[in-house]
Amino acid sequence: MAASSGDAHPFAIYNARYRAVFPILDADGDLVTGATSPDTEVSQDQGTFADATNEATEIATASGMYYLDLVAGELDTKSTAIIVKSGTGKTTPIVLYPVRMPVLRTGTAQAGAASTITLDSGASAIDDFYNGCWLNITNNSPANALGQARRITDYVGSTKVATVEAAWGTNPSSASTFPVLVPDTVNIAGWDILFDVRLKDA
């Protein structure tokens with residue numbers, strides 16, 4: 001999986017990649033550098049813990065702070081529990097509650113680049129219409145694109161090009177499918193009201 005620091009969102013998003021950042025501590029509460037034999041396990045919706053796709057990686061250099069890249073399939077849950085074990089530190093527990101946002105639009109991209117994606121031809125022609133929304137790649141075309149979610153910071157209606165706030169780990173392509181997701185509160189250009197969407201259980 002081509003992971004990216006751009007996957008470290010402010011919150012976990014349903015069925016999207018997520019980079020969790022955390023310390024590993026010793027029995028005295030001190031940071032552990034070079035934690036040995038890391039073993040990360042994940043429980044989805046209180047199911048049996050199983051090996052995570054990826055292991056924790058220390059942030060350079062000898063910081064005692066680590067990150068874990070979770071794949072989309074590990075966050076298609078109401079809750080994902082994580083335990084990070086090591087031979088030299090205490091077990092680190094993490095619990096995530098992926099946010100399911102309402103879908104504003106779905107489609108297949110026309111193109112993608114390092115920090116942009118061109119939405120389908122039927123997308124809005126209004127500039128900035130999708131600003132503040134999130135977009136999640138929902139297929140693996142191209143390889144390693146699945147589960148990349150990014151917040152849209154700019155949108156040009158005439159070209160359908162959306163600029164995202166962090167570069168993709170793998171650039172989307174003309175085969176990439178997506179939903180545009182509406183966060184809890186967002187002001188969409190061209191709309192006369194402020195969205196105040198209350199998230200509901202699926």
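Okay, let's start with the rings: searching the whole structure turns up three aromatic pairs. One of them is Phe129 with Tyr130, and that pair is edge-to-face, with 5.0 Å from centre to centre and 85° between the planes. If you're wondering why I quote two numbers, a pair of aromatic rings is described by the distance of the centres and the angle of the planes. Are Phe129 and Tyr130 buried or exposed? Both are buried. Tyr155 comes in here too, as ring pairs link Phe129, Tyr130 and Tyr155 into a cluster.

Before I go on, please remember that this is a predicted model. The mean pLDDT for the protein is 92, and 90% of the residues get to 70 or more. The stretch to watch is residues 192-202, where pLDDT stays under 50. The model does have 22 contacts beyond four places in sequence for that stretch. Still, where pLDDT is low, the predicted coordinates should not be read in detail.

Now the sheets. I'll take the three-stranded one to begin with. It's an open sheet with antiparallel pairing, and the order is S1-S5-S4. Strand S1, residues 18-23, and strand S4, residues 57-58, are the edge strands, and each of them pairs on one side only. Between S1 and S5 there are six bridges, antiparallel, while S4 and S5, which is residues 65-70, pair over two bridges, also antiparallel. As a general reminder, strands of a sheet pair through backbone hydrogen bonds, either parallel or antiparallel.

Have a look at Tyr67 in S5. Which residues does Tyr67 pair with? On the S1 side, Val21 has Tyr67 as its bridge partner, and Thr57 stands opposite Tyr67 as well. There's also something on the ring itself: Arg19 lies over the face of Tyr67, 4.0 Å from the ring centre. Next door, Tyr66 in S5 is the bridge partner of Glu58.

S4 and S5 make a hairpin with six residues between the strands, and in that hairpin Ala62 takes a positive phi near 45°.

On to the other sheet. This one has four strands, it's open, and the pairing is antiparallel; you read the order as S3-S2-S6-S7. Which strands stand at the edges? That would be S3, residues 50-51, and S7, residues 92-96; each has a single partner strand, so one side of each is left without a neighbour in the sheet. S7 pairs with S6, residues 80-85, in the antiparallel sense over five bridges. If you want one to find on screen, try Thr80, whose bridge partner in S7 is Leu96.

Step off the end of S7 and you get to Tyr97, in the loop between S7 and strand S8, which is 103-108. Tyr97 is exposed, with a relative accessible area of 58%; it counts as exposed because the cut-off for that word is over 50%. What does Tyr97 touch, leaving aside its neighbours within four places in sequence? The contacts are Ala12, Lys78 and Ser79. Ala12 is a nice one: Tyr97 and Ala12 are 85 residues apart in sequence, yet 6.7 Å apart in space, C-alpha to C-alpha.

One last item, back on the subject of rings. The charged end of Arg100 sits over the ring of Tyr14, 3.9 Å from its centre. So that's Arg100 over Tyr14, to go with Arg19 over Tyr67 in the three-stranded sheet. Okay, questions?

Definitions and conventions. Residues numbered from 1 in each chain as written. Predicted model: local features only at pLDDT ≥ 70, side-chain atom pairs only at ≥ 80, totals over all residues. Heavy atoms only, no water. Pairing = 2+ DSSP bridges. Buried < 20%, exposed > 50% of the residue type's maximum accessible area, 1.4 Å probe, protein only. Contact = heavy atoms within 4.5 Å. pLDDT = per-residue confidence, 0-100. Phe/Tyr/Trp six-rings, centres within 6.5 Å; stacked < 30°, edge-to-face > 60°. Lys NZ or Arg CZ within 6 Å of the ring centre and 35° of its normal.
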